[in-house]
Structures are given as structure tokens and as C-alpha cells.
Amino acid sequence: ARVPLFFACGLNVTLSTDDPLMIHYTKDPLIEEYSVAAQVWKLSSIDMSEIARNSVLQSGFDHRIKQKWIAEKYNKMSVEGNDIQETNLPNVRITFRNELHAEELKFCN
């Protein structure tokens, strides 16, 4: 399956609802957004788990909520900041994203 270029390049992709009372067809607009994204862009379950994790990280949720849904040390940008039991996101994906980010930072110096 092919994922969108912006996701494949390592950008921090998230999903959210926009005007859920106006443009959604179900009573669960966020689930609808994830279902549509998975089908349209042929995203794997790992891709979807990463997007969900990113969405929680970028949200305005309280620190304790993020700890519960991601990891106790969710603010660490390493595998230490990922609880696979909560996120369903393999640590190898976290490591890959961190390595990609480190490579990109080399171009900034």
C-alpha cells in the first residue's frame, strides 16, 4: 500500500474533525475520519497507530491523559516515550522517525 508522500517523508501527520455537526454522516465523526483516511490513502494499522499517537501528542489534552494514552514519559522523543501496549505503535517506527529527524537536522547546521 502506498501512503501519502507527506507521511512517508516523516511529517507529523494528525487527524481531527472539522465541523462534525455539518459534514459528517455518522454519530462518531472522529472514527469516520480515521476510516476514510485508512481507505483513501491505504494506510496500514501501524500508520493509523502513528497518526493517532501524533494526534494525542499535538492535542491540548492534559499531561495525565497523554501519560495514560501514550506512555508515562510521552514527552521523550525516543522509544522511552512510547508504550506499545497503549499506542500499538512498534518501537521500530519511533526509532525510524527519530533517525529521519536527526538526518534532517544535519541539513540545518
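From the N terminus onward, the chain runs α-α-α-α-α-α-α. That makes seven helices and zero strands in this predicted model. Of the chain's 109 residues, 30% count as buried.

**The pockets**

Let's turn to the open spaces. Here are the two pockets side by side, with volume and lining classes.

| Pocket | Volume | Nonpolar lining residues | Polar lining residues | Charged lining residues |
|---|---|---|---|---|
| Largest pocket | about 440 Å³ | seven | seven | six |
| Second largest pocket | about 220 Å³ | eight | four | none |

Which residues of the largest pocket lie nearest its centre? They are G10, N12, N54, R97 and N98, out of a lining of 20 residues. Two helices, α4 (45-58) and α7 (91-106), each supply at least two residues of that lining. Helix α7 gives the largest share, with seven residues. By class, the wall of this pocket includes six charged residues alongside its seven nonpolar and seven polar ones, which is worth having in view when you look at the space of about 440 Å³.

The second largest pocket has a lining with no charged residues. It is lined by L15, S16, T17, L30, I31, Y34, A52, S55, V56, S59, F61 and W69. The elements that give two or more residues to this lining are α3 (29-40) and α4. Helix α4 therefore turns up in both descriptions, as it also supplies at least two residues to the lining of the largest pocket.

**A closer look at Y34**

One of the residues lining the second largest pocket is Y34, which lies in helix α3. Is Y34 buried or exposed? Its relative accessible area is 17%, and the cut-off for buried is under 20%, so Y34 counts as buried. L15 is another lining residue of this pocket. The C-alpha atoms of Y34 and L15 are separated by 7.3 Å, although the two residues are 19 apart along the chain.

**A nonpolar patch on the surface**

On the outside, F6, L11, V36, V40 and W41 form a nonpolar patch. Together these residues have about 480 Å² of accessible area. W41, one of the members of the patch, is found in the loop between α3 and α4. How does W41 count in terms of exposure, and what is the reason? Its relative accessibility is 38%, and partly exposed covers the range between 20% and 50%, so W41 counts as partly exposed.

Key: Residues numbered from 1 in each chain as written. Predicted model: local features only at pLDDT ≥ 70, side-chain atom pairs only at ≥ 80, totals over all residues. Heavy atoms only, no water. 1 Å grid on protein atoms, 1.4 Å probe; cavity = no way out; pocket = protein on both sides within 12 Å on 5 of 7 lines; lining within 4 Å. Points joined across faces, edges and corners; volume = space filled by probe spheres on them. Helix = DSSP H or I, 4+ residues; strand = E, 2+ residues; numbered from the N terminus. Nonpolar A, V, L, I, M, F, W, Y, C, P; charged D, E, K, R; others polar. Patch = residues over 30% accessible without salt bridge, like charges linked within 9 Å, V, L, I, M, F, W, Y side chains within 5 Å. Areas by Shrake-Rupley, 256 points an atom, 1.4 Å probe, with all protein chains shown as cover. Salt bridge = Lys/Arg side-chain N within 4 Å of Asp/Glu carboxyl O. Buried < 20%, exposed > 50% of the residue type's maximum accessible area, 1.4 Å probe, protein only.
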